[in-house]
Amino acid sequence: MIIKKAEHEITAVRRDQYPEGNRPEIAFVGRSNVGKSSMINALCNRKGIARVGQTPGKTRVLNFYTVNDEIYLVDLPGYGYAKAGLEQKKIWNRFTDNYLNIREQLVLIVLLIDIRHAPSVEDAKMMDWLKERDIPYAVCGVKCDKLSNNKAILSARKIVSMLEVEPDTPFILFSATKKQGIEELWEVIDFYISDSE
Ligand SMILES: Nc1nc2c(ncn2[C@@H]2O[C@H](COP(=O)(O)OP(=O)(O)O)[C@@H](O)[C@H]2O)c(=O)[nH]1
Ligand SMILES: [Mg+2]
């Protein structure tokens, strides 16, 4: 994908605030601080369209970014923020469930897992949820610049086995800092966009 244009379009909490039209959408999920906003910036080759390092657990909204006026990248609220109370967690579930369950334009979900850590209970729950649906998904082992190449590969294997990632699922080692995995992820995204046409 050649990025001619990328910008933040809409912040939404309710369904009636989602963008109109039928552009394909790619959603990014993962725990708070895992690097979703950084990934969107890296994919768009822009530094600041998605705000990085926002106070974890504070933003409970969906952010829609347009690319080339053709698709939307959707930044979902991060889960697993330790200090989030039960009420906040419920709100997270409502926002994300609403979106993930009803959105017909959704062609791909990208699950981000920090390559340095074992997947959390919430990561595993997200994974189970993904396996139960028909929506294609990809897994990214992110912040791989923090490990040596060998360690990153070993850790990726561990994550795949712990989460029981299904065999044909794309798994991409990604670093927003080192700009690694960007083309690979675009290839996966492009495939599912054209598959939806
Ligand atoms: N080393 C490294 N740090 C990253 C990477 N991606 C994000 N971060 C850092 O992780 C923190 C959270 O990133 P952010 O994109 O805001 O995560 P989000 O909460 O999932 O949107 C920030 O301090 C980022 O600078 C990466 O690829 N490598
Ligand atoms: Mg973010």
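Student: How many residues does helix 3 have, and how far does helix 3 reach from its first C-alpha to its last?
Tutor: Helix 3, residues 121-132, has 12 residues and reaches 17 Å, close to the 16 Å expected at 1.5 Å a residue, the expected span being 1.5 Å times one less than the number of residues. Helices (H or I, at least four residues) and strands (E, at least two) are DSSP runs, numbered from the N terminus. This is a predicted model, in which local features need pLDDT of at least 70, side-chain atom pairs count only at pLDDT 80 or more, and totals for chains, interfaces and linings use all residues. Residues are numbered from 1 along each chain as its sequence is written, and side-chain values use heavy atoms, with hydrogens and water left out.

Student: Which residues of helix 3 are buried?
Tutor: They are D123, M126, M127, W129 and L130, where buried means under 20% relative accessible area, exposed over 50% and partly exposed in between (1.4 Å probe, protein chains only).

Student: Why do they line one face?
Tutor: Seen down the axis of helix 3, the buried residues fall within an arc of 160 degrees, so they line one face of the helix; the arc is that of the directions from the helix axis to the C-beta atoms. On the other side of helix 3, V121, K125 and E132 are exposed.

Student: Switching to the sheet, what is the strand order?
Tutor: The open sheet of 7 strands has the order 1-3-4-2-5-6-7, with mixed pairing, and two strands pair if DSSP finds at least two bridges between them. Strand 1 (6-12) and strand 7 (171-174) are the edge strands, each pairing on one side only.

Student: What stands opposite Y65?
Tutor: Opposite Y65 is L73 in strand 4.

Definitions and conventions. Chains lettered and ligands numbered in written order.
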